[in-house]
Amino acid sequence: MQKFDLNKLRVALLELQRERKVREFYYPKAIAEGKLTKREAEQRLEALDYAIEVLKEVIGLGANQDFTGR
């Protein structure tokens with residue numbers, strides 16, 4: 001099994017969490033402008049949620065805990 005750098009995984013998790021918040025904020029505007037459908041936005045957010053969940057499990061935080069970088 002491949003070994004991963006725990007610090008890099010934590011940074012990746014933090015970046016994914018930030019990206020999700022940004023997208024959650026901007027998607028309603030994109031939907032209103034017709035640049036994105038509501039279903040597409042939901043699928044993209046679900047994909048980010050899944051990636052975040054997987055990284056949390058790999059790091060050992062568990063699905064319900066947030067990593068704040070502190």
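Me: Where is the place of Glu-33 relative to helix H1 and helix H2?

Reply: Keeping in mind that this is a predicted model, you can locate a residue by asking which elements stand on either side of it. Glu-33 sits in the loop that runs between helix H1, residues 6-32, and helix H2, residues 38-59. The protein has two helices in total and zero strands.

Me: Does Glu-33 count as buried, partly exposed or exposed, and which side chain does Glu-33 join in a polar contact?

Reply: For the first part, one reads the relative accessibility, where the partly exposed class lies between 20% and 50%. Glu-33 counts as partly exposed because its relative accessibility is 43%. As for the second part, the side chain of Glu-33 is joined to that of Lys-35 by a polar contact of 3.2 Å.

Me: How many aromatic pairs does the structure hold, and what is the angle between the planes?

Reply: To read such a pair, one looks at the distance between ring centres and then at the angle, with planes over 60 degrees apart counting as edge-to-face. The structure holds one aromatic pair, formed by Phe-25 and Tyr-26, whose centres are 4.9 Å apart and whose planes stand at 90 degrees, an edge-to-face arrangement. Phe-25 counts as exposed because its relative accessibility is 60%, whereas Tyr-26, at 48%, counts as partly exposed.

Me: What percentage of the 70 residues is buried, and what area does the protein expose?

Reply: Here one reads totals for the whole chain. Buried residues make up 23% of the 70 residues, while the protein exposes about 5700 Å², of which carbon and sulfur atoms supply 53%.

Key
Residues numbered from 1 in each chain as written. Predicted model: local features only at pLDDT ≥ 70, side-chain atom pairs only at ≥ 80, totals over all residues. Heavy atoms only, no water. Helix = DSSP H or I, 4+ residues; strand = E, 2+ residues; numbered from the N terminus. Buried < 20%, exposed > 50% of the residue type's maximum accessible area, 1.4 Å probe, protein only. Polar contact = N/O pair within 3.5 Å; in protein donor to acceptor, adjacent residues only side chain to side chain. Phe/Tyr/Trp six-rings, centres within 6.5 Å; stacked < 30°, edge-to-face > 60°. Areas by Shrake-Rupley, 256 points an atom, 1.4 Å probe, with all protein chains shown as cover.
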